[in-house]
Amino acid sequence: MTNPNAPQDVLRGLLADLSAESAVLDVLVAGLPAAGWARPTPAEGWTIAHQIAHLAWTDDWTVRAARDAESFTADVGAAFGDLLAAGRDPVDEGAVAGAAGEPAALLARWRAGRDEVHAALAATPADVKLPWFGPPMKPASMATARLMETWAHGQDVADALGVTREPSARLRHIAHLGLRTLGFAFTLHGRPAPQNPVRLELTAPDGTAWILGPAGATDVVRGPALDFCLLVTQRRHRDDLALTATGPTATEWLPIAQIFAGAPGKGRAALAS
């Protein structure tokens, strides 16, 4: 009998959800003609091909981190050093390079990379910390990050295609990660990490309540789980979401919330602007 709270069982569940989220995005792009892959997305300068190429690029680095930590660290230094010194963004460079080929080859690369990520993380002991571009992560955290990115970049693709995706219970992983990165968002904006904890009171896609964070927290964010996930991944402007904040920390956090690593993003313009 498995224990759903055991680390390896948690990881298996996360990897299953990552596969499911990837499959949703796969359906959106699998039947696109070549011209469809060139369609612009809300991310400035990125087409649908760039979005999928970025996911494939990050999957490749994830596999390296899981299978050969020393090589990962050396390769990051070698691959990123010259680009950063020249004022070029390695993330953009990876997306541009990956998007330059035939869509069929890119789709095949992304699919193969997803399978490799699943196998590599599943084979990694749950307590091992993997190197990354930011702080090291255990396999479960890495799987959660991959799910978050797949969902967020999938939102860009859906927006480009004018498609509305059905929200799922997988959003809970993203909501958890969004809350865990609260202090990170403050630090990115040159502000001291807040001392007051924040509680999330979110409405899940099925209408039930998700309560995340300390029960006694007086700072509270309330609203749909989908809206919170759109906010922390910076896929929608704060003004376009049905979220409310109570307390100074929660109020200050929502406009700067950022779940992903890197410099503070510009976010999306309000739809009414």
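Which residues in α3 meet α5, and which residues in α5 do they meet? The legends below take up this question first and then move through other close-ups of this predicted model.

**Figure 1. Helices α3 and α5 meet at a crossing.** Let's start with the answer to the opening question. From α3, the residues involved are Ala49, His50, Ala53, His54 and Trp57, and they meet Pro90, Val91, Gly94, Ala95, Val96, Gly98 and Ala99 in α5. Helix α3 covers residues 48-67 and helix α5 covers residues 90-99. Their axes come within 8 Å and cross at roughly 115°. Angles from 65 to 115 degrees count as roughly perpendicular, and α3 and α5 are therefore described as roughly perpendicular to each other. The crossing of α3 past α5 is right-handed.

**Figure 2. Helix α3 also packs with helix α4.** Here α4 is the helix of residues 69-85, and its axis lies 6 Å from that of α3, at an angle of about 140°. That angle makes α3 oblique to α4. On the α3 side you will find Trp57, Trp61, Arg64, Ala65 and Arg67. They meet Ala69, Phe72, Asp75, Val76, Ala79 and Phe80 in α4. Look out for Trp57, which appears in the contacts with α5 and also in those with α4.

**Figure 3. Four strands make an open, mixed sheet.** Reading across the sheet, the order is β2-β1-β3-β4. At the edges sit β2 (209-212) and β4 (244-246), each paired on one side only. From one strand to the next, the twist averages 15°. Helix α8 (residues 171-180) packs on this sheet and touches β1 and β2, with its direction at about 30° to that of β2. Helix α10 (residues 225-232) packs on the sheet too, touching β1, β2 and β3 (219-224). The direction of α10 makes about 110° with that of β3.

**Figure 4. Strand β1 has a partner on either side: β2 and β3.** Strand β1 spans residues 198-203 and pairs with β2 in the antiparallel sense over 4 bridges. Along this pairing, Thr203 stands opposite Ala209, and Glu201 stands opposite Ile211. The β1-β2 hairpin has 5 residues between the strands, and Gly207 there takes a positive phi near 95°. With β3, strand β1 pairs in the parallel sense over 6 bridges. In that pairing, the bridge partner of Leu200 is Val221.

**Figure 5. Ala175 is a buried residue of helix α8.** The relative accessible area of Ala175 is 0%, so this residue counts as buried. Leaving aside residues up to four places away in sequence, Ala175 touches Leu200, Leu202, Leu212, Phe228 and Cys229. For a sense of scale, the C-alpha atoms of Ala175 and Gly98 are separated by 30 Å, and these two residues are 77 residues apart along the chain.

**Figure 6. Helix α10 is largely enclosed by the rest of the structure.** Why is α10 described this way? It is because 7 of its 8 residues are buried. The buried ones are Ala225, Asp227, Phe228, Cys229, Leu230, Leu231 and Val232. Their cover includes α7, α8, β1, β2, β3 and α11 (248-253). Just after α10 comes Gln234, in the loop between α10 and β4. Gln234 is not a glycine, yet it has a positive phi of about 55°. At 11% relative accessibility, Gln234 also counts as buried.

**Figure 7. Trp253 takes part in the largest nonpolar core.** This core holds 54 residues, and those touching the most other members are Leu121, Ile174, Leu200, Val221, Phe228 and Trp253. Helix α7 (residues 139-161) supplies the largest share, 7 residues. Not counting residues up to four places away in sequence, Trp253 touches Gly178, Leu179, Leu182, Ala185, Phe186, Val198, Leu200, Val221 and Phe228. A second core, separate from this one, has 18 residues, among them Val29, Ile52, Ala158 and Ala160.

Key. Residues numbered from 1 in each chain as written. Predicted model: local features only at pLDDT ≥ 70, side-chain atom pairs only at ≥ 80, totals over all residues. Heavy atoms only, no water. Pairing = 2+ DSSP bridges. Helix = DSSP H or I, 4+ residues; strand = E, 2+ residues; numbered from the N terminus. Axes fitted to C-alpha atoms, helices over the stretch in contact; angles between N-to-C directions. Contact = heavy atoms within 4.5 Å. Core = buried A, V, L, I, M, F, W, Y, C linked by side-chain atoms within 4.5 Å. Buried < 20%, exposed > 50% of the residue type's maximum accessible area, 1.4 Å probe, protein only. Parallel < 35°, antiparallel > 145°, perpendicular 65-115°, else oblique. Left-handed = near helix turned anticlockwise from the far one by under 90°.
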